[in-house]
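Here is a structure to go through by question and answer. Each answer sets a value beside the rule behind the term.

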Amino acid sequence: MKHLFSNYRLKNCDLKNRIVMPGLASFLIEDDGSIPDKTIEHYRLRAAGGPAMVIMEACAVSPEGIVSPHQARIYDDRFVEGLNKIARAIKSEGSVPAVQIHHGGRQTSSKVIKQLPVAPSPLPCPTIKGDVKPLTTGGIEEIVKKFGDAATRAIEAGFELIEIHGAHGYLVNQFLSRFSNIREDRYGGDIEGRTRFAKEIVQEVRNRVGKDFPISFKISAMEFVKDGLEVEESIEILKILLNAGMDVVQVSAGNDATPEWICQPMFMGKACLAGFAGKIKKALDIPVMTVGRINDPLIADEIIKNGTADLVCIGRGLLADPEMPKKAMEGRLDDIRTCIACNTCMESIFRRGRIECLVNPVLGREKEMAFHPAKTPKKVMVVGAGPGGLNVAWVAARRGHDVHLFEKQPQVGGQLIVGSITAFKKEILNLIRFQKRQIERFGVKCHINHEVTANTVKAQAPDIVILATGSVPSFPPVDRIDREIVISVNEALNNGQQKIEKAVVIGGGPTGCEVALHLSENGCQVTIVEMLPKIGAPLESITKKVLIRKLKDNNVEIRTGSKLIRVEDNGVVVAGEDDTQVFIEASKVVAAVGSKPDNRLYNQIKSLGYEIHQIGDCLEPRSAKAAIYEGGVLGRSI
Ligand SMILES: Cc1cc2nc3c(=O)[nH]c(=O)nc-3n(C[C@H](O)[C@H](O)[C@H](O)COP(=O)(O)OP(=O)(O)OC[C@H]3O[C@@H](n4cnc5c(N)ncnc54)[C@H](O)[C@@H]3O)c2cc1C
Ligand SMILES: Cc1cc2nc3c(=O)[nH]c(=O)nc-3n(C[C@H](O)[C@H](O)[C@H](O)COP(=O)(O)O)c2cc1C
């Protein structure tokens with residue numbers, strides 16, 4: 001990986017390798033904009049993992065530009081002290097501290113900013129909707145100046161590169177694109193007009209920072225909407241910005257109507273935006289950063305080797321494993337906790353107001369979840385090697401406990417093995433690979449093909465028993481559900497080469513949708529029957545959008561508001577909202593209605609006097625995220 005680990009000079013910045021952490025809103029910010037210690041630790045750890053540069057998350061240049069009360073801010077001198085702590089923490093670990101400056105424009109809500117969002121034109125944000133206030137020329141000039149003030153504060157705070165957020169459908173992007181800018185004055189119309197706002201911002205920032213200081217511009221080079229930006233137009237825009245004083249471009253994609261191009265879910269190819277970066281590099285021959293689903297250092301190395309880009313941004317990959325660059329440099333690729341592009345991080349910032357990660361429960365809790373050696377090493381017996389059991393086992397072993405992990409199946413991974421069968425979820429295998437590697441690394445004694453009973457527990461005589469026995473599939477309580485035609489999700493996915501001609505999937509939750517897509521991609525005619533008015537309810541929104549589109553592309557029939565009444569030998573009878581019953585023919589009926597905790601072993605041993613803990617699905621069927629988190633917490637506390 002010599003290409004990825006070669007150094008690079010960007011204006012007056014020396015970069016020790018080609019890896020950049022792009023802006024990633026952690027939202028680990030207090031409501032008053034102050035920066036708590038956990039945020040500083042979050043950034044320090046990212047820098048310590050070895051990227052050449054860390055770009056601090058989007059900082060609002062103006063109060064009406066914030067998109068969440070947890071967003072970082074740079075619109076007042078009082079924020080400089082906190083920002084300086086972050087810049088120093090990044091620098092102290094040998095990485096270049098950079099910061100992104102940002103205005104949300106119409107892509108925020110009046111609930112957050114207590115006034116109407118501003119925009120180039122009277123066109124509401126496609127997802128948030130609601131009225132917006134078109135900016136006057138005076139308003140535009142004020143915001144340009146605020147970007148300049150932000151740049152002055154960024155330098156005071158100790159940052160060594162400033163990135164202007166011109167992407168993802170936020171204010172600067174809104175001006176650039178005909179999709180959101182229908183102004184008829186000098187800030188709209190042709191490319192020159194639509195680029196004027198961005199150009200003035202670059203000029204203002206350049207005036208504030210001096211000629212040698214590097215300025216980056218993040219662009220959504222493709223918006224994937226009618227009238228949106230495309231690469232050719234983006235190249236013309238970048239020419240104007242280069243003349244105005246921009247030095248380097250980060251090539252991203254998407255806007256609020258196409259968020260799947262901003263944070264590409266696992267359905268989308270790795271490095272799927274690198275081609276656009278390559279086109280820009282070829283056309284302009286300027287420093288180019290590429291971003292987007294580059295979660296593998298080997299792919300990153302290839303990008304640099306081929307000259308597609310000069311720098312590779314790894315975002316979610318460094319949330320999942322901040323030490324990825326270091327591990328890659330040391331050749332420890334198997335030890336990398338790879339981002340699986342599930343977008344838990346994106347969902348958590350907006351739904352929970354703080355960042356979380358499915359594969360890395362420590363994200364955002366770096367201080368509270370630091371490792372400390374066990375005070376008294378104990379014999380710990382873990383039953384079940386799904387994500388929960390694997391995680392608690394290696395975490396406890398790492399702290400010095402003598403850990404014995406038992407799994408009745410011939411391989412570890414639990415339900416995630418079946419969860420990784422579909423073509424679009426192969427990334428999950430990386431999670432199992434990582435957990436397995438940690439088990440070996442920290443000396444967990446692994447007993448596979450070994451079903452634990454009360455007698456096994458007695459024979460082992462552990463100090464602590466941890467049950468991570470997971471869950472077993474549920475079946476709906478309807479007439480004739482025990483017919484041969486009815487199969488579980490596991491059976492449907494493990495069907496091997498046996499083709500199912502026609503299937504009805506009962507349940508349109510995440511698993512039902514995934515199974516339906518898998519079957520339809522393998523030539524099966526599929527109908528989903530769901531009681532609720534919508535399918536995919538608890539799924540992360542970007543993943544849901546792409547999944548539903550794919551179901552439609554594969555002609556999956558979706559019957560919402562429909563209830564299973566009974567099973568026949570050759571199909572099912574379902575009732576719609578008006579109680580009319582219809583028969584749907586099928587060769588298989590897949591029950592995807594959830595699962596119930598597997599508490600069989602718990603019931604056998606609960607009165608034997610052992611210290612027993614339960615984690616994951618055997619407490620309550622939920623997700624790998626919950627199981628891993630609970631394993632991480634318990635492993636640190638025993
Ligand atoms: C098709 C599918 C797709 C999914 N996709 C996702 C996803 O994308 N994201 C997500 O977060 N979640 C997903 N899930 C849910 C997720 O897999 C589970 O929530 C998670 O695996 C629960 O982890 P766990 O460790 O608690 O239990 P499990 O994964 O169920 O593991 C329990 C293990 O215990 C073993 N065991 C049980 N009893 C004994 C015993 N007596 N002795 C020895 N071993 C025993 C079992 O064999 C099993 O391997 C999916 C589930 C399915 C079925
Ligand atoms: C949780 C989260 C927060 C993000 N915040 C920002 C941000 O503040 N500024 C920005 O330009 N992009 C932001 N992005 C987009 C990323 O910088 C990056 O473009 C995107 O995640 C794709 O790269 P990746 O696959 O390496 O993560 C964010 C993405 C995520 C997942």
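Q: What makes up the lining of the largest cavity, by class?
A: The lining has 10 nonpolar, two polar and two charged residues. Ala, Val, Leu, Ile, Met, Phe, Trp, Tyr, Cys and Pro count as nonpolar, Asp, Glu, Lys and Arg as charged, and the others, Gly among them, as polar. This is a predicted model, in which local features need pLDDT of at least 70, side-chain atom pairs count only at pLDDT 80 or more, and totals for chains, interfaces and linings use all residues. Residues are numbered from 1 along each chain as its sequence is written, and side-chain values use heavy atoms, without hydrogens and water.

Q: Which helix gives the most to the lining of the largest cavity?
A: H10 does, with three residues. Helices are DSSP runs of H or I with at least four residues, numbered from the N terminus.

Q: Why is the pair formed by ligand 2 and the side chain of Gln100 called a polar contact?
A: A polar contact is a pair of N or O atoms within 3.5 Å; within protein, one must be able to donate a hydrogen and the other to accept it, and residues adjacent in sequence count only if both atoms are side-chain atoms. A nitrogen atom of ligand 2 is 2.7 Å from an N or O atom in the side chain of Gln100, so the pair meets the limit.

Q: What makes Arg293 a polar contact of ligand 2?
A: A backbone N or O atom of Arg293 is 2.6 Å from an oxygen atom of ligand 2, and therefore the pair counts.

Key: Chains lettered and ligands numbered in written order. Helix = DSSP H or I, 4+ residues; strand = E, 2+ residues; numbered from the N terminus.
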